[in-house]
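Got your viewer open? Load the model, switch to a cartoon view, and keep the selection box handy.

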Amino acid sequence: MSSKLQHEAKKLVGKNYGKASMTTEKLVGNIERIAEFMGTQGLQSIRHIKSKHVERFFSSISKLSPSTRANYATAMREIAESIGKKNIMPRTNLDIGIDRADRYSPKHGNIEKMMEIRNVLYSKGEWRGLAYDLQREFGLRIKESLLSNKTLEINGKEFLIVKGAKGGRPRNLEIQNLEQADVVKRVQEYIRQSGGSSLMPPEKTLAQGYKSQVNAISRAGGTKENAANSHLWRHEKAREMTARGSKDAEIAQHLGHGREGVVRHYK
């Protein structure tokens with residue numbers, strides 16, 4: 001029965017899960033685990049999940065780490081939404097005993113090392129360095145840096161149109177200084193000359209380009225151990241905005257987060 005529920009759950013969630021996510025494999029694994037558990041509860045369909053089943057599941061994994069349980073909470077919410085029962089999941093993770101206060105520990109990047117990585121990436125391919133510069137100047141995620149290159153003008157101001165956002169949250173970021181304007185111009189010129197539609201080589205799919213860039217950054221020394229993983233550019237951007245007087249809501253919107261409380265993690 002569990003295999004039937006697993007297939008049903010994955011099929012349902014597949015219709016709703018944001019295509020922008022690069023964590024599909026982890027999500028699917030968590031959905032399978034949840035469906036397997038629901039099979040032990042005698043459910044004939046994943047659509048029959050009730051609040052009591054949700055409570056039992058999280059009770060069964062109470063000894064796992066808070067971060068792991070939080071990932072299961074994300075998967076459970078995807079299932080709940082796909083079956084039209086969002087209310088079977090508590091509104092916050094705290095309501096199901098998941099306290100991740102420890103995650104809100106702002107990290108500072110080794111800027112010197114990160115600039116060394118930038119130089120290595122440019123030596124490996126201009127598109128790699130340009131994507132990294134977009135991360136550095138705008139605080140983009142890796143996937144966003146590979147896809148974002150178009151601009152638009154609003155009330156006399158120029159904005160970078162961010163594509164590939166997590167959760168499919170569209171946003172436009174104002175180009176506020178010469179450094180940002182320069183990298184956007186260089187990105188657009190590179191794409192024009194290459195004849196593509198994004199920074200990635202035309203022969204690469206999005207998944208291939210993303211994985212290739214992640215591996216290139218890691219091989220160049222962009223790791224947590226070195227305090228140089230490219231995600232830290234987002235922390236630097238949040239601190240920069242805070243120093244300019246930006247409110248948490250504005251920073252959250254800039255970084256592409258749906259909740260301003262997450263900003264505590266960055267500053």
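Here is a walk through the chain, one selection at a time.

**Stop 1: the whole chain**

Before zooming in, note that this is a predicted model. Show the whole cartoon and you'll find eleven helices and three strands. Follow the chain from the N terminus and the elements go α-α-α-α-α-α-α-β-β-β-α-α-α-α. The C-alpha trace spans about 60 × 40 × 40 Å along its principal axes.

Now switch on the surface. The accessible surface of the chain is about 14,300 Å², and carbon and sulfur atoms account for 48% of that. How much of the chain is buried? Of the 267 residues, 43% are buried. If you colour by charge, you'll be looking at 48 positive and 29 negative side chains, with the centres of the two sets 7 Å apart. And here's one for the contacts: take those between residues at least 6 apart in sequence, and 61% of them join residues at least 24 apart.

**Stop 2: the aromatic rings**

Go back to the cartoon and show the aromatic side chains as sticks. Searching the whole structure turns up four aromatic pairs. Select Phe-37 and Phe-57 to see an edge-to-face pair, with 5.4 Å from centre to centre and 75 degrees between the planes. Phe-37 sits in helix α2 (residues 24-40) and Phe-57 in helix α3 (residues 51-60), so this pair ties together parts that are 20 residues apart in sequence.

Are these two rings' residues buried or exposed? Phe-37 has a relative accessible area of 16%, so Phe-37 is buried. Phe-57 is buried too, at 0% relative accessibility.

Add Phe-58 to the selection. Phe-57 and Phe-58 make an edge-to-face pair as well, 5.3 Å centre to centre with 80 degrees between the planes. Both of these residues, Phe-57 and Phe-58, are buried. Finish by adding Tyr-72, and you have one aromatic cluster on screen: Phe-37, Phe-57, Phe-58 and Tyr-72.

**Stop 3: Ile-96**

Keep Phe-58 showing and select Ile-96, which is in the loop between α4 (66-82) and α5 (111-124). Is Ile-96 buried or exposed? Its relative accessible area is 19%, and the cut-off for buried is under 20%, so Ile-96 counts as buried.

What does Ile-96 touch? Leaving out residues up to four places away in sequence, Ile-96 touches Phe-58, Ala-73, Met-89 and Pro-90. Try a distance label next: the C-alpha atoms of Ile-96 and Ser-59 are separated by 8.8 Å, while the two residues are 37 residues apart along the chain.

**Stop 4: the three strands**

Select residues 151-154, strand β1, together with residues 157-162, strand β2. They pair in the antiparallel sense, over four bridges. To pick out one bridge, show Ile-154 and its partner in β2, Lys-157.

Now bring in strand β3 (residues 171-174), which runs antiparallel to β2 and is joined to β2 by four bridges. Two partners to look for here are Glu-174, across from Phe-159, and Arg-171, across from Val-162.

Turn on the side chains of β3 and rotate. In a regular strand, side chains alternate between the two faces of the sheet. In β3, the covered face has Arg-171 and Leu-173, and the uncovered face has Asn-172 and Glu-174.

**Stop 5: two backbone angles to check**

Most residues other than glycine have a negative phi. Which way do the next two go?

Select Asn-155, in the loop between β1 and β2. The hairpin of these strands has two residues between them, and Asn-155 takes a positive phi near 50 degrees. At 78% relative accessibility, Asn-155 is exposed.

Last selection: Ala-227, in the loop between α9 (206-219) and α10 (232-243). Ala-227 has a phi near 55 degrees, again a positive value in a residue other than glycine. What about the surface here? Ala-227 is partly exposed, with a relative accessible area of 25%.

Terms used. Residues are numbered from 1 along each chain as its sequence is written. This is a predicted model: local features need pLDDT of at least 70, side-chain atom pairs count only at pLDDT 80 or more; totals for chains, interfaces and linings use all residues. Side-chain values use heavy atoms; hydrogens and water are left out. Rings of Phe, Tyr and Trp (its six-membered ring) pair if their centres lie within 6.5 Å; planes under 30 degrees apart count as stacked, over 60 as edge-to-face and the rest as tilted. Buried means under 20% relative accessible area, exposed over 50%, partly exposed in between (1.4 Å probe, protein chains only). Two strands pair if DSSP finds at least two bridges between them. Contact means heavy atoms within 4.5 Å. Accessible areas come from the Shrake-Rupley method with a 1.4 Å probe; for residues, only the protein chains shown count as cover. Lys and Arg count as positive and Asp and Glu as negative; His and the chain ends are not counted. The place of a charge is taken as NZ of Lys, CZ of Arg, CG of Asp or CD of Glu.
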